[in-house]
Amino acid sequence: MNEKHLFIETFGCQMNVNDSERIVTMLADLGYRPTTVPADADMILLNTCSVRGGAEEKVYKRLSHYRSLKKAHSGLILGVGGCVAQQEGDHLLQKFPFLDLVFGTHNLHLLPDMVRGAEKGERRCETAFIDNDQRLDLFPPVKGASRLSRFVTVMQGCDNFCSYCIVPYVRGREISRRAADILDEVRQLADEGVQEVVLLGQNVNSYGLKSANEPTFAQLIRQVAGVEGIRRIRFTTSHPKDMSDELIACFADVPKLCGQVHLPAQSGSDVVLSRMNRGYARAAYLDRIRALKAARPGIAITGDMIVGFPGESEADFEQTLTLMEEVRYADLFLFVYSARPGTKAAELPEELSREQKVERLERLLALQRRITLEINRSYLGTLQELLVEGEGKRPGQVSGKAESGRIVNFPGDPALIGSFVTVRIVAAYQNSLLGELARNP
Ligand code: SAH
Ligand code: SF4
Ligand code: F3S
């Protein structure tokens, strides 16, 4: 078999990162080896995100760039997958005559066949939804990516229909994977030397709620914690309305569950939350945060916030600022509202100018920068257990992740990569911490 090269560019969330890993695994069987140099590639795939207009625009820019490579290499196969592909479907083939393949979020398993066709010059688009539980069996697991920390998909899709969000339209209905399959995969990863698993889904904490035969997410975590060899468990993303007491209790008594939780609030204002169709009020959100902090003191809370939702008044916006002060997020992802085709919120009149939105975004950013730095400084002098994952920021350093998810660089031998070490935190910066080795594992 001739060696061919695949360049894959991934946009968007961890779902797409995980899907790209599967694509690399599948196409290896057709003789495609990953490359990091687009000009060397025989196939370029864009795994796309359409959560905001800007993300979608980026894809079109990249496509016209890759078109020029196709002029130099006529056999180059160009494909678009992921959420923009799901949203636009066949239009993409019509709009971009140099494009060969379009595959939706439920069609990864068709890709090998599509690629064989493309090698013979066939253009093809596949974006049919598969809204039954066979979907999760169609996607092959990731192989050979020898890493210490791996994603394990537990559910896919979303039924929440937050009024601003395109995800339910491009990812389809929520489907939970069988617990037995999840545990098989985790055991397999443990055998390969994986130390940390990140349980992945659009809304992991509603795992199993639709099927009587599966455990709840909290029960699933306890089962995963029972797998020997796995030392750390994380999960993402959670929805506040499904953050049950049972799940919060895991933070109190499952030591392998890391003290980090991503729990997006989206806004601090009840009026806005209700218009967003989020299904909880500010007080209920703060109640969940208090319970999490009580279950695991020092837990690192991260989140997402949208600024400039239609009709967001200055008073609404200030509610977001005070929520941030109360929660004290370790990290917060801040987004300017972007109207998405087909969503409910896209029908609402936009009352804020671009300048107003950007001004509010900057106030949020400034506040969050201050809080993040204060939290980082609170680690000064503490001992932290790290899973050493790679080279550090500076020569002579290696880098690891603390239980809280914080990145810590420290002077150390690359031979430490793959092991757990304890370091003392000696400096705190905006985006990372500096440590020094306290004792060997
Ligand atoms: N399933 C995840 C989030 C998926 S999208 C969850 O519910 O937590 C990631 C983030 O993008 C969202 O949390 C939200 O903050 C942001 N987002 C989604 N749609 C958006 C839009 N139309 N405009 C701006 N930000 C948006
Ligand atoms: Fe989008 Fe809401 Fe679903 Fe998250 S929960 S993916 S924000 S619809
Ligand atoms: Fe983007 Fe699709 Fe994820 S829209 S955020 S890549 S689910």
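Helices and strands here are DSSP runs: at least four residues for a helix, at least two for a strand. With that in hand, one span to start. Residues 4-120 are 49% helix and 21% strand. The end C-alpha atoms of that span lie 15 Å apart. UniProt, in an unreviewed entry, places the feature "domain: MTTase N-terminal" at residues 4-120. Keep in mind that this is a predicted model.

Now the cysteines. The unreviewed UniProt entry lists C13, C49 and C83 under "binding site". They are spread over 71 residues of sequence, yet they cluster in space. The largest C-alpha distance among them is 10.5 Å. Where is C13 found? C13 is in the loop between β1, residues 4-10, and α1, residues 14-28.

What surrounds ligand 3? The residues are G12, C13, N16, C49, S50, V51, C83, R171 and Q202. So C13, C49 and C83 from the UniProt "binding site" listing are among the residues around ligand 3, taking "around" as a heavy atom within 4 Å. By class, the shell of ligand 3 divides into 4 nonpolar, 4 polar and 1 charged.

On to ligand 2. Its surroundings are C158, N160, F161, C162, Y164, C165, V167, P168, H239 and R278. That shell has 7 nonpolar, 2 polar and 1 charged residues.

Stay with F161 for a moment. F161 is one of the residues around ligand 2. It is found in the loop between β8, residues 155-156, and α7, residues 167-171. Its phi is near 50°, a positive value in a residue other than glycine. Most residues other than glycine have a negative phi, and most peptide bonds are trans.

That brings up a peptide bond. T236 and T237 are joined by a cis peptide bond, with omega about 0°. T237 lies in the loop between β11, residues 232-236, and α10.

Next, helix packing. Three pairs, in chain order.

Pair one is α8, residues 179-191, with α9, residues 217-225. Their axes come within 10 Å and cross at roughly 30°. That makes α8 roughly parallel to α9, because angles under 35 degrees count as roughly parallel. The crossing of α8 past α9 is right-handed. Who makes the contact? From α8, it is A179, I182, L183 and V186; from α9, it is L220, Q223 and V224. The contact of α8 with α9 has 6 nonpolar, 1 polar and no charged residues.

Pair two is α9 with α10. Their axes come within 8 Å, crossing at roughly 30°. These helices are therefore roughly parallel to each other. On the α9 side we have F217, A218, Q219, I221 and R222. They meet E246, L247, A249, C250 and D253 in α10. By class, that contact of α9 with α10 has 6 nonpolar, 1 polar and 3 charged residues.

Pair three is α10, residues 245-253, with α12, residues 282-295. They pack at an angle of about 30°, with their axes 8 Å apart. So α10 is roughly parallel to α12. Is the crossing left-handed or right-handed? α10 passes α12 in a right-handed crossing. D245, I248, F251 and A252 of α10 make the contact with R288, A291, L292 and A295 of α12. The classes for α10 with α12 are 6 nonpolar, no polar and 2 charged.

To close, back to the ligands. C13, C49 and C83 are among the residues around ligand 3. Around ligand 2, the residues include C158, C162 and C165.

Definitions and conventions
Residues numbered from 1 in each chain as written. Chains lettered and ligands numbered in written order. Predicted model: local features only at pLDDT ≥ 70, side-chain atom pairs only at ≥ 80, totals over all residues. Heavy atoms only, no water. Axes fitted to C-alpha atoms, helices over the stretch in contact; angles between N-to-C directions. Parallel < 35°, antiparallel > 145°, perpendicular 65-115°, else oblique. Left-handed = near helix turned anticlockwise from the far one by under 90°. Contact = heavy atoms within 4.5 Å. Nonpolar A, V, L, I, M, F, W, Y, C, P; charged D, E, K, R; others polar. UniProt positions renumbered as here; feature names shortened; annotations may be inferred.
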